[in-house]
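Q: Please take me through the aromatic side chains closely, with the helices and the nonpolar residues that go with them. I would like to follow along at the bench with the sequence and the model open.

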Amino acid sequence: MSRTGSRSRVLIVGAGLAGTATAIRLLCFARRPVEIVLLERRADYRSAGLAYHREGNPWDHVFNIQAGRMSVFREDVLDFVRWANTEADRGDWPAPWAGLEFTEQSPAPRRIFQDYLIDRLAEAAREAGPGVVLVEEDGEAVDVDVRPRGVEVTVRRPSADGREPECEVIPADHVVLATGLELKEPPFATEVLAHPSFVRNPYSADGVRKLMALPPGATVAIVGSVLSAYDSAGLLLRRGHTGPVHLISRTGTLFRTYPDGHEHEVLRLPCPKSLLEPYRGRADFLARVRSEWETACSSVARQRPDVLPAVVAERVTKAWEPYLPEIIERIPSPELRSLLDEFSTVIAAFRVGAVQYTMTVIERAMAAADGPVRLLVGRVDGIGPAGSGRLVVSVATPEGPRSVEADLVVCNVGREGDYGKARQPLWRRLVGKGIAVPHDRTGRGVEVDAEGALLGRDGRPAGPLWAVGVPREGDEIVRNGRTGAFAFNLAAIKNHSVAVAARVIEQLEYGDGPARNASPCARLISNTEDAVRACWEEAVLLEVRRLATRSRNERELLDSRLDTCIRSVGEVPALPKDASRRRRLLRVAVNRAAVERLTDVSVSPRQLRRQLNLENSEQREG
């Protein structure tokens with residue numbers, strides 16, 4: 001793949017949610033010619049990934065959260081809802097979705113998210129600046145070499161005539177790794193991985209076909225009680241399934257149902273100070289967690305009666321996030337890994353619920369004494385073949401061994417967090433070469449710096465390589481206190497895409513020089529006279545609006561106003577006297593300040609929008 005003229009090139013590996021979101025931001029942020037290559041190894045995963053592709057999501061699979069939280073733009077809360085109501089092509093939508101007017105609290109089918117991302121990516125490409133182009137390529141990145149002037153990525157493509165795949169080396173100035181979930185084969189299922197009655201991936205086209213082809217009275221065993229298990233159970237029940245559905249859970253954790261009218265909110269709660277004491281073993285630590293947790297929940301229930309009981313746990317978990325990095329520092333790495341392994345599902349259940357559309361049918365099926373859905377608490381020791389094409393699941397329960405014979409077994413566990421054991425050729429080679437390093441403290445994801453740059457064995461950036469989404473799980477836990485799937489969910493990906501895209505464009509347009517002095521520059525401005533500080537604040541708000549604007553014409557107008565504002569700053573002691581150098585430095589510093597505000601997770605997206613005055617700016621421009 002040759003370069004297009006003299007353009008720089010950014011290669012994004014993976015065109016699912018994380019890769020598409022990053023491509024959208026790159027297209028919007030770039031002011032100089034650049035080629036953005038979006039590489040995807042599976043055509044059906046493009047602008048969707050594993051979680052949202054159409055073939056793996058029948059119409060009964062809905063988002064776990066409300067439609068109003070699914071915008072790909074954190075600063076534009078209702079963008080997805082507006083798209084679904086006014087832009088989406090509903091020609092092939094079935095009832096009830098075809099006639100539904102979506103609201104912020106509505107459920108929404110997962111499969112339409114792919115169309116939404118496709119439309120928003122196309123819009124970003126249309127509205128990109130002069131010389132900023134999007135190239136969508138098919139193929140699998142299998143190797144990376146860092147060179148003095150960029151990166152070379154080896155891409156394997158299927159041969160048109162069915163022969164051996166062909167490999168091509170693509171040079172790039174920057175590479176963004178948006179590779180999604182790493183799967184591993186569960187050790188208890190090695191004997192049945194290829195068995196026709198075993199579903200390894202419930203979001204695969206084959207897995208959905210097997211679920212939908214089951215006779216109504218068939219016995220089903222679903223291993224794992226995470227939210228994907230609810231999708232499988234809900235799909236069966238909505239299709240009239242009457243046979244036993246066994247939810248097999250190691251912890252017995254069940255997720256909460258969001259109440260009607262639920263809105264996301266961020267509370268301010270005091271730090272759980274006893275958790276900052278030295279770590280004195282697991283029993284002592286868990287006792288302190290339990291005591292602080294009960295105190296915090298009681299406090300919310302007493303002081304905020306408007307917070308419904310069903311969401312108190314979510315509010316407390318979110319409010320504790322800013323304190324978790326300091327708490328985690330006190331826990332030895334082996335203990336931290338063990339705690340994350342043991343309590344990951346429980347933490348996820350505290351942090352997020354599921355919409356009524358999914359939960360109502362499951363709760364009804366579990367409530368009745370003779371209901372089809374039954375919770376079995378225990379550890380799955382093995383799955384093997386039984387007679388007549390069935391499978392038998394061996395479960396170690398607190399009461400003793402149990403066996404469940406089933407017509408179909410659906411596996412909802414087996415995500416590989418340890419990138420030292422990754423199966424993808426790309427990550428095996430990255431780790432093998434020391435370009436990527438498995439995250440030391442958590443054993444989840446890889447080491448990155450605060451901006452998402454991959455760190456090598458020496459702890460320094462390994463090259464112009466960046467990560468978004470799942471590979472940053474461990475870093476999100478220890479740096480930002482985001483636990484469970486919230487370490488790599490849509491909210492985290494929105495922020496990753498903004499920050500990484502901004503840093504890549506910064507380096508392409510200005511190089512490394514201004515970047516090294518951007519933070520001191522911002523501190524210097526904060527200590528200057530009022531007029532300069534006011535000018536700085538105006539510049540940051542203009543840059544926030546420029547980054548949040550999807551119209552090319554509006555961006556160019558804001559860019560012109562920003563340039564005028566920066567030129568008016570004049571000389572500031574300790575800043576370069578050369579006007580051109582000073583403006584470049586201020587431009588980088590203003591951009592970084594704007595990115596920091598856009599990615600502020602201490603407030604909800606709706607609060608962020610008000611805080612940044614984006615609603616008022618739209619009214620002025622409209």
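A: A charge sits over a ring if NZ of Lys or CZ of Arg is within 6 Å of the ring centre and within 35 degrees of the ring normal. Arg-238 does this with Tyr-357, its charged end lying 3.6 Å from the centre of the ring. Arg-42 has its charged end over the ring of Tyr-45, at 4.0 Å from the centre.

A word on the ground rules: this is a predicted model, with local features needing pLDDT of at least 70, side-chain atom pairs counting only at pLDDT 80 or more, and totals for chains, interfaces and linings using all residues. Residues are numbered from 1 along each chain as its sequence is written, and side-chain values use heavy atoms, with hydrogens and water left out.

Now to the rings themselves. Rings of Phe, Tyr and Trp (its six-membered ring) pair if their centres lie within 6.5 Å, and planes under 30 degrees apart count as stacked, over 60 as edge-to-face and the rest as tilted. That rule gives 18 aromatic pairs. Among them is the edge-to-face pair of Phe-63 and Phe-80, with 5.6 Å from centre to centre and 75° between the planes. The two rings come from distant parts of the chain, 17 residues apart: Phe-63 belongs to the loop between α2 (49-52) and α3 (79-86), while Phe-80 is in helix α3. Helices (H or I, at least four residues) and strands (E, at least two) are DSSP runs, numbered from the N terminus.

Phe-63 has another partner, Phe-113: their centres are 5.5 Å apart and their planes stand at 85°, so this pair too is edge-to-face. Because Phe-63 is in the loop between α2 and α3 and Phe-113 is in helix α4 (residues 112-126), the pair ties together parts that are 50 residues apart in sequence. Seen as a group, Tyr-52, Phe-63, Phe-80, Trp-83, Phe-113 and Tyr-116 are linked by ring pairs into a cluster.

Are these rings buried or exposed? Phe-63 and Phe-80 are both buried, where buried means under 20% relative accessible area, exposed over 50% and partly exposed in between (1.4 Å probe, protein chains only). Phe-63 counts as buried because its relative accessibility is 1%, and Phe-113 does so because its value is 0%.

Phe-80 and Phe-113 also matter to the count in the largest nonpolar core, a core being a set of buried Ala, Val, Leu, Ile, Met, Phe, Trp, Tyr and Cys residues joined through side-chain atoms within 4.5 Å. It has 169 residues, and those touching the most other members are Phe-80, Phe-113, Val-175, Val-316 and Leu-454. Beyond its neighbours within four places in sequence, Phe-80 is in contact (heavy atoms within 4.5 Å) with Phe-63, Ala-67, Met-70, Ser-71, Ala-108, Ile-112, Phe-113 and Tyr-116. Another core lies apart from the largest one and has 17 residues, including Phe-188, Val-192, Ala-221 and Val-404.

One more aromatic residue is worth a stop, in helix α12 (residues 425-433): Trp-427 is buried there, along with Pro-425, Leu-426, Leu-430 and Val-431. Among the elements that cover these buried residues of α12 are β1 (8-13), β4 (140-147), β5 (150-157) and β7 (174-177). Just past the end of α12, look for Gly-434, which takes a positive phi of about 80°.
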